[in-house]
Structure formats: structure tokens, C-alpha cells
Amino acid sequence: AYWKEMGYVEPRSVVVKFVSGVLSIAGGNSLGREGPSVYIGGGVASNVGGALGLSRRERRGAVAIGSAAALAAAFNTPLAAITFVIEEIIGDFNSRFLGRVLFASVLGAFTVHALIGRQPAFSLPTVEKVGWTMYVVVPFAAALAALAGAAFQRGTLSLRAALGRQKKLPRWSLPILGGFLTWIVGAAVYLMSGKIGVFGLGYQDLSAALNNDFPWKIAGVMVAAKLIATIFGYGFGGSGGIFAPSLFIGGMAGFFAAGLAGIWLPLTGAERIVLAAIGMSACLGALVRAPLTSLLIVFEMTHQFALIPGLLIGLIISQTVARAAGRLNFYDAILVQDGHELHK
């Protein structure tokens with residue numbers, strides 16, 4: 001919409017995305033809310049701009065500010081909303097829309113503060129002392145999380161390609177089948193472990209891991225199960241985003257790496273938390289190739305300054321792994337697969 005339609009978004013599609021996003025995510029599909037939030041916010045702003053007299057060729061700025069405001073409100077992360085819109089949609093830090101994006105993100109943050117509160121998405125114990133021993137494990141944790149992100153991208157693209165070639169099932173039935181397969185995976189994990197993180201956002205289980213209240217071996221199982229369920233959810237056409245699943249997969253991968261390394265190294269509880277946070281940022285960074293967004297969203301969701309050095313190291317590793325896995329980020333790869341050219 002931003003590049004090919006000059007910012008015009010079909011009004012009906014915004015309503016459909018809102019309803020389908022609520023049903024899909026609240027119904028337990030293994031997807032996140034950033035995709036519908038950005039689409040709905042950008043679409044609403046585009047159509048409000050049209051109602052106020054903007055032509056179809058003048059709505060790019062409206063799409064940018066609507067996307068930033070919606071993402072800031074969805075995650076209570078105004079800084080990450082700014083960098084996401086610039087890194088992923090606009091692609092230019094010198095854009096004339098930058099001031100409007102900043103202002104919109106602030107308004108989105110104020111809105112969520114007024115309605116929900118200022119609390120971060122995850123409440124962590126205060127991380128104070130982090131020893132040098134932990135940094136030996138950082139490359140392993142970040143690489144594991146980044147590889148999980150690369151596996152998600154490759155698995156989703158392969159599934160979408162296979163479903164696009166088949167002619168037996170009508171397209172409208174595919175999200176139903178994806179939801180059913182997600183239920184099978186999630187129910188199997190629940191019967192085995194009593195954990196429900198495969199369904200929906202999974203923040204309850206991820207919060208437990210970020211508070212050192214989760215079995216690290218089960219965390220490894222959750223990485224595989226959430227990865228498979230999210231590939232089913234997205235590949236079959238479910239309405240949702242990839243932020244929440246990638247944060248969950250990466251966080252559990254980092255926590256699992258910390259537990260595994262703890263067999264040989266004396267890691268503290270605070271260091272395990274840091275490694276889980278590094279995994280969150282590394283997995284998201286490997287998928288979207290937006291390092292500033294991946295850094296800031298984890299920082300804003302936790303409010304922990306002590307995480308920053310480890311997050312930076314993890315992002316360097318995740319970007320290296322991502323570039324080795326392919327030249328396109330997840331969003332661009334989906335566009336190319338659907339027949340769109342990336343000329344901007």
C-alpha cells in the first residue's frame with residue numbers, strides 16, 4: 001500500500017483485518033498482534049486522510065503515522081514503533097515523514113498509558129550483577145535464537161509455496177486447517193507439560209521464563225512446538241503478525257541455552273534472564289532484519305538497562321546468521337513470493 005498504491009488502503013480490508021485479527025489471536029492461533037495493528041492503524045489513517053481531502057497519491061504520510069501510533073499502542077513501545085516504521089516501511093532515516101512518525105508514536109504511547117497504564121509488557125526482577133562468564137554463552141544463545149528465526153522464515157515460505165501450488169483445497173479453508181493443526185500441537189504440549197504458551201501470544205509462559213520460573217528443558221520443547229505452530233498459523237493464512245511468536249521462540253531459545261550452559265558454567269538467575277532477553281532480540285532481528293527495532297522493543301518491554309550490552313552483541317550475531325541464511329528479510333521474501341517487485 002505504501003509503495004505501490006501511494007498510501008491508499010481499501011476501507012473494507014481494514015474492517016476485515018480487525019475482525020479476523022481478533023478472532024485469530026484471541027482464538028489461540030500462534031500469531032502476534034503487530035501485523036493487524038500496523039495494518040489497521042495505517043489503513044484507518046489512510047482513510048481518515050482521504051475523508052479530510054487528501055488524494056490517493058498523498059496518503060503515504062498518513063499510512064506511516066497510523067502504523068507508528070498503532071504499533072506504539074499495541075506493545076507500549078514508542079521508540080521501537082518509530083524505528084520499525086522507518087526501517088521496514090519507509091526505509092529512509094532522512095524521510096520527510098520522520099517528524100510526523102515521532103509525534104504519532106508519542107500519541108500512541110500516551111493513549112496506552114491512559115487506558116492501560118505505564119507498566120512494561122514483562123515484569124522482570126532487577127538485573128544488577130552480570131558476570132563475564134555469561135558473555136561466553138551469549139554467542140551460543142543468540143545463534144540458536146537466530147537460527148530458529150531463519151528456520152521459521154524458510155519453513156513458512158516453503159509451506160506457502162506448497163499451498164499455492166495445490167488445487168484440492170479452496171483458499172478460504174486453509175486458515176481453518178492451520179488453526180486445527182495449531183490446536184493439535186498446542187494440545188500435545190499441554191498434555192505433556194501443562195504449558196499453554198503454544199496458543200496465542202504465549203506471554204504467560206515467556207514471563208515465567210523471564211522470572212526464572214520455568215523448566216529449562218521444557219523451554220527447549222516450547223521452541224520447537226511454537227516454531228511449528230507459528231509456521232502452520234502464518235503459512236496457512238492466519239490473520240496475525242510475527243513479533244510475538246518470534247519474541248517467544250527467541251526468549252525460550254535463550255533460556256534453554258542458559259539452562260544447558262548452566263550444566264558446566266555457574267550462571268546466576270540474573271544471567272539466565274539476560275540470555276533469554278538476548279534470544280528474544282536475536283530471533284526477531286534475524287526475521288525482520290531491523291536491528292534498532294529488535295533492540296529497542298525488548299528494552300522497552302522490560303525496562304532493564306543492564307540488558308543493553310548483551311542485546312547489542314546478540315544482534316551482531318543474529319544479523320550475521322540472517323545474512324548467511326538469505327538476502328531478504330521475512331516481509332520482503334513474502335512480497336517476492338506473492339509476485340511483487342521490491343523497486344521503491
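The secondary structure of this protein, seen here in a predicted model, consists of 14 helices and zero strands. Followed along the sequence, the pattern reads α-α-α-α-α-α-α-α-α-α-α-α-α-α. The radius of gyration is 20 Å, close to the 20 Å that the globule rule gives for 344 residues, so the protein is as compact as a globular protein of that length. Along the principal axes, the C-alpha atoms occupy a box of roughly 65 × 50 × 40 Å.

**Burial, surface and contacts**

Of the 344 residues in the protein, 53% are buried. The protein exposes about 15500 Å², and 66% of this area is supplied by carbon and sulfur atoms. When contacts between residues at least 6 apart in sequence are considered, 79% of them join residues at least 24 apart.

**The two pockets**

The table sets out the two pockets side by side.

| Pocket | Volume | Lining | Classes in the lining |
|---|---|---|---|
| Largest pocket | about 1900 Å³ | 50 residues | 22 nonpolar, 16 polar, twelve charged residues |
| Second largest pocket | about 330 Å³ | 20 residues | twelve nonpolar, five polar, three charged residues |

In the largest pocket, the lining residues that lie nearest the centre are Tyr39, Tyr234, Ile334, Leu335 and Asp338. Two or more residues of this lining come from each of helix H1 (11-26), helix H2 (34-51), helix H3 (60-75), helix H4 (78-90), helix H6 (134-165), helix H7 (174-193), helix H9 (216-235) and helix H14 (330-337). Which helix gives the largest share of the lining of the largest pocket? That share, seven residues, comes from H2.

In the second largest pocket, the residues nearest the centre are Ser37, Gly41, Ala69, Ala70 and Ala73. H1, H2, H3 and helix H5 (98-115) each supply at least two residues of its lining. The greatest contribution to the lining of the second largest pocket is made by H5, with six residues. Helices H1, H2 and H3 thus appear in the linings of both pockets.

**Two residues with positive phi**

Most residues other than glycine have a negative phi. Against that background, two residues of this model may be noted. Asparagine 76 is not a glycine, yet its phi is positive, at about 55 degrees. This asparagine is placed in the loop between H3 and H4. Is asparagine 76 buried or exposed? Its relative accessibility is 12%, and because buried means under 20% relative accessible area, asparagine 76 counts as buried.

Arginine 289, likewise a residue other than glycine, has a positive phi near 55 degrees. Its position is in the loop between helix H11 (269-288) and helix H12 (291-302). With a relative accessible area of 18%, which is under the 20% limit, arginine 289 is also buried.

**Selected residues in the helices**

Two residues of helix H1 illustrate opposite surroundings. Glycine 21 is found in H1 and is buried, with a relative accessible area of 5%. Valine 15 also has its place in H1, but at 53% relative accessibility valine 15 counts as exposed, since exposed means over 50%.

Which residues does glycine 21 contact, leaving aside its neighbours within four places in sequence? They are Ala26, Pro36 and Ser239. Glycine 21 and serine 246 stand 225 residues apart along the chain, and their C-alpha atoms are separated by 18 Å. For valine 15 and glycine 66, the separation is 51 residues in sequence and 15 Å in space, C-alpha to C-alpha.

Leucine 296 belongs to helix H12. Not counting residues up to four places away in sequence, leucine 296 touches Leu79, Ala80 and Thr83. These three partners fall within the range of helix H4 (78-90), so that the contacts of leucine 296 join H12 to H4. Leucine 296 and phenylalanine 180 lie 116 residues apart in sequence, with a C-alpha to C-alpha distance of 34 Å.

How values were computed. Residues are numbered from 1 along each chain as its sequence is written. This is a predicted model: local features need pLDDT of at least 70, side-chain atom pairs count only at pLDDT 80 or more; totals for chains, interfaces and linings use all residues. Side-chain values use heavy atoms; hydrogens and water are left out. On a 1 Å grid over the protein atoms alone, a cavity is a set of points where a 1.4 Å probe fits but cannot get out, and a pocket is an open set with protein on both sides within 12 Å along at least five of seven lines; lining residues have an atom within 4 Å of a point. Grid points are joined across faces, edges and corners, and a volume is the space filled by probe spheres set on the points. Helices (H or I, at least four residues) and strands (E, at least two) are DSSP runs, numbered from the N terminus. Ala, Val, Leu, Ile, Met, Phe, Trp, Tyr, Cys and Pro count as nonpolar, Asp, Glu, Lys and Arg as charged, and the others, Gly among them, as polar. The radius of gyration is taken over C-alpha atoms; the globule rule is 2.2 Å times the number of residues to the power 0.38. Buried means under 20% relative accessible area, exposed over 50%, partly exposed in between (1.4 Å probe, protein chains only). Contact means heavy atoms within 4.5 Å. Accessible areas come from the Shrake-Rupley method with a 1.4 Å probe; for residues, only the protein chains shown count as cover.
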